[in-house]
Amino acid sequence: MLNKRDIYTALIEVVRFYKRLDFDVLPSIPFELTAVRPHPEAAQPRLMHPVQATVVASQPKDPISPSQAAPQVIVKASKLDSNRQDLLQDIRDEIGQCTRCKLHTGRKNIVFGEGAPYARLMFIGEGPGADEDIQGRPFVGRAGKLLTSLINKMGFERQAVYIANIVKCRPPGNRDPEEDEMKGCIGFLEKQIAVINPEIIVTLGSVSTRILLKTDKRISDLRGHFHEYRGIKVMPTFHPSYLLRNSSQKWTTWNDALMVLKELGLQPLE
Ligand code: SF4
């Protein structure tokens, strides 16, 4: 049974925790304090999140947005990635100037994907948008900046994870990719996943989640739990574009990220 002093101490720790992460806005009360005891490894200097709190009813605005401070990272990209890099290059060569589906007609650049070939963590979205089409890189627009901020706040350099999409050419008008387009392109992503062999895949939004997990369930029903794709754990969460329109779900996404970190045996930066 918690007394007032325990609860007060726990809340102070929560505030300090989010403050250290440069979060602009704290989630509104109430929290459901599922445990107000320090984490068993609290003595370790890298330990974060001293209180395990689940947000059950919050209206936060902006918990994972980029902050002014330079990102601190503890998981850096390795320079010893040449073998898998070669294998990924083989897949890129196979794609060539692909005309396998109708998306090739409007694209400026193929967005293959980028990141560490030995990444422990892989993020998969549905397809490139306008900025990505121009630059030929995944998640570089507004939504991409939010994703990068999330990755950094999880303690990773962006280059230390791998980021890709279901389709590699931009669907016109940023519509969802159609079934035939995804069917034509998914094989390349499957090969990328097989080469990288991440420990965890985070699917961003309903389209990539539905395709990878072969399910029709809603993202809101799937997120917050681990699923499986060919022996790899999959955590579905909201797409950054959706988060730009629905700030309150950023905290939900952050909770998903914390579950991923825990599964990897990592903790967010202090
Ligand atoms: S989306 Fe994929 S299958 Fe379609 S043209 Fe682009 S690379 Fe080829």
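# A tour from the end of helix H9

Begin at Gly265, the residue that follows helix H9 and has a positive phi, near 75°. The model on the screen is a predicted one, which should be kept in mind at each stop.

From Gly265, step back and select residues 249-264, which make up H9. With 16 residues at 1.5 Å a residue, this helix should span 22 Å, and because its end C-alpha atoms lie 23 Å apart, the expected and modelled lengths agree. Now colour the buried positions of H9, which are Lys250, Trp251, Thr252, Thr253, Trp254, Asp256, Ala257 and Val260.

Keep H9 displayed and add Met154, which sits in the loop between helix H4 (142-153) and strand S5 (162-165). Is Met154 buried or exposed? It counts as buried, because 24 other C-beta atoms lie within 10 Å and the threshold for that class is 20 or more. If neighbours within four places in sequence are left aside, the contacts of Met154 are with Ala257, Leu261 and Pro268. A distance drawn from Met154 to Leu261, C-alpha to C-alpha, should read 7.3 Å, although 107 residues separate the two in sequence.

Next, zoom out to the whole chain, where nine helices and eight strands can be traced. Of its 270 residues, 38% count as buried. Among contacts between residues at least 6 apart in sequence, 76% join residues that are at least 24 apart.

Then select the ligand together with the 14 residues around it, of which Cys98, Cys101, His104, Cys169 and Cys185 come nearest. By class, this shell comprises eight nonpolar, three polar and three charged residues. Which helix supplies the largest share of the shell? That is H5, residues 179-196, which contributes three residues.

Stay with H5 and bring in helix H2, residues 82-95; the two pack at an angle of about 175°, with their axes 9 Å apart. H2 is therefore roughly antiparallel to H5, since angles over 145 degrees fall in that class. To see the contact itself, show the side chains of Arg84, Leu87, Leu88, Ile91 and Ile95 on H2, and those of Phe188, Lys191, Gln192, Val195 and Ile196 on H5. Coloured by class, the residues of this contact divide into seven nonpolar, one polar and two charged. When looking along either helix, recall that an α-helix has 3.6 residues a turn, so residues three or four places apart point the same way.

Terms used: Residues numbered from 1 in each chain as written. Predicted model: local features only at pLDDT ≥ 70, side-chain atom pairs only at ≥ 80, totals over all residues. Helix = DSSP H or I, 4+ residues; strand = E, 2+ residues; numbered from the N terminus. Expected span 1.5 Å × (residues − 1). Buried ≥ 20, exposed ≤ 12 C-beta atoms within 10 Å, placed from the backbone. Contact = placed C-beta atoms within 7 Å. Near = placed C-beta within 6 Å. Nonpolar A, V, L, I, M, F, W, Y, C, P; charged D, E, K, R; others polar. Axes fitted to C-alpha atoms, helices over the stretch in contact; angles between N-to-C directions. Parallel < 35°, antiparallel > 145°, perpendicular 65-115°, else oblique.
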